[in-house]
Amino acid sequence: MIHALREEHDESAETISSQLPTDLRERAQLFSADWYVQGVDADKVLFAIEVLAKILAKHRAVAGGMLAALDKMAEQKSSDETKRRVATAYADIIGVLRDGSDPAGVVPNDEWIRLSGEVALMKHEVTLEQYMRFDSDRSKHSGATGRIAASRVSWCEARAFAAWAGYRLPTREEWIQACGENASNHGWFPNEKGETSPVSAVGRLPPNNRGFYDMFGNAAEWIQDRGKDGGRFNMGGNVSKRPDSCASITEDRSVTTYTGTGIRLVRDLSGAKR
């Protein structure tokens, strides 16, 4: 575990990796939440990321967990040297994620709608076709293809996808700004009998009054915000939720679960990409 790292910081990648859980989801969870919830020294975590980035970042969920830890460090007051190390580690992870894949054009220029301030949000949810340019593992998507909303994505995978593409996840405030009216003709929900349909192709129902599609129902959407215990939040509900439940924020205490949850990206027009 990260807690067991020696002060001398002389461990090899193999030694540090052997101290972590063997399950990749548990590793992702450890980096994204465990260290600051339990008060682990941030320098030890940064050292572990620097050593492990090139051997673990190829696992997308773990990369997302590492990026979350770096996000947390970037929010804290630190020395110029620590800031440099965080930026370098961030770039190293992005380099591993992009090895052999090119995110250019994954989100068309006409996909963005500007919110207040220097940010724009995707008008549609990320499709499976877009997501599979980043992660081609079709086995976890039940054979779905094309314009279907990507909906079996963990928070850590969503964070890694956003970084790979050069964007980020929205904050709660940004998502609420875009959600518009909660009208039943703007989202996919169970019918009167409680029956649900599979996640749909994006954009099949009318947009809301802000021009955004599928803000309610279809796939729920991960946001950037963090709970006090390290959990993450999703918004909008999915195809199994009733319309009146979709306006509320839902905290998922495990950042590595993914059932029914997808992605909508934010573009920082100021040039920042975290």
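Let's start inside a sheet: Ala220 stands opposite Thr261 in β8. The structure you are looking at is a predicted model, and this pair is a handy way into it. Ala220 and Thr261 mark the place where strand β5 (residues 220–226) meets strand β8 (residues 261–262). These two strands pair in the parallel sense, over two bridges.

Strand β5 has another partner as well. With β6, β5 pairs in the antiparallel sense, over three bridges. Two residue pairs help you follow this by eye: Trp222 stands opposite Asn234 in β6, and Arg226 stands opposite Arg232, also in β6. How enclosed is β5 by the rest of the structure? Six of its seven residues are buried, so β5 is largely enclosed. Strand β6 (residues 232–235) is covered on both faces. On one side lie Arg232 and Asn234, on the other Phe233 and Met235, and all of them are buried.

Just before β5, have a look at the loop between β3 (187–188) and β4 (216–217), where Asp214 sits. Most residues other than glycine have a negative phi. Asp214 has a positive one, near 60 degrees. Is Asp214 buried or exposed? Its relative accessible area is 1%, and because buried means under 20%, Asp214 counts as buried.

Now move to another sheet. This one is open, has three strands in the order β1-β2-β9, and is antiparallel in its pairing. Its edge strands are β1 and β9, each of which pairs on one side only. From one strand to the next, the twist averages 30 degrees.

Take the β1 side of this sheet to begin with. Strand β1 (residues 112–114) is joined to strand β2 (residues 119–122) by three bridges, and the two run antiparallel. Ile113 stands opposite Leu121 in β2. Together β1 and β2 form a hairpin, with four residues between them. In the turn you will find Gly117, with a positive phi of about 80 degrees.

On the other side, β2 pairs with β9, again in the antiparallel sense and over three bridges. Which residues in β9 are the bridge partners of Val119 and Ala120? For Val119 the partner is Asp268, and for Ala120 it is Arg267.

Keep Asp268 in view, since its side chain leads us to the charged pairs. Side chains of opposite charge can pair when their charged atoms come close. The side chain of Asp268 meets that of Arg168 in a salt bridge, at 2.7 Å from N to O. Arg168 lies in the loop between α7 and α8 (172–179) and Asp268 in strand β9 (residues 266–268), so this pair ties together parts that are 100 residues apart in sequence. Both Arg168 and Asp268 are buried. Arg168 also forms a salt bridge with Glu174, again at 2.7 Å from N to O, and both Arg168 and Glu174 are buried.

How many salt bridges are there? The count comes to nine. One of them joins the side chains of Arg159 and Asp71, at 2.8 Å from N to O. Since Arg159 lies in helix α7 (residues 155–165) and Asp71 in helix α4, the pair ties together parts that are 88 residues apart in sequence. Both Arg159 and Asp71 are buried.

Asp71 brings us to helix α4 itself. Of the 16 residues in α4, 13 are buried, so that the helix is mostly covered. How does the span of α4 (residues 60–75) agree with what its residues should give? At 1.5 Å a residue, the helix should span 22 Å, and its end C-alpha atoms are 23 Å apart, which agrees.

Our last stop is a pair of packed helices. Two packed helices are described by the angle between their axes and the distance between the axes. For helix α3 (residues 42–56) and helix α5 (residues 80–98), the angle is about 30 degrees and the axes are 10 Å apart. Angles under 35 degrees count as roughly parallel, and α3 and α5 are therefore roughly parallel to each other. The crossing in which α3 passes α5 is left-handed. While you are here, look for Asp43, Glu50 and Arg85, which are linked in a network of salt bridges.

Key: Residues are numbered from 1 along each chain as its sequence is written. This is a predicted model: local features need pLDDT of at least 70, side-chain atom pairs count only at pLDDT 80 or more; totals for chains, interfaces and linings use all residues. Side-chain values use heavy atoms; hydrogens and water are left out. The expected span of a helix is 1.5 Å times one less than its number of residues. Buried means under 20% relative accessible area, exposed over 50%, partly exposed in between (1.4 Å probe, protein chains only). A salt bridge is a side-chain nitrogen of Lys or Arg within 4 Å of a carboxyl oxygen of Asp or Glu. Two strands pair if DSSP finds at least two bridges between them. Axes are lines fitted to C-alpha atoms, for helices over the stretch in contact, and angles run from 0 to 180 degrees between N-to-C directions. Angles under 35 degrees count as roughly parallel, over 145 as roughly antiparallel, 65 to 115 as roughly perpendicular and the rest as oblique. A crossing is left-handed if the near helix is turned anticlockwise from the far one by less than a right angle, and right-handed if clockwise.
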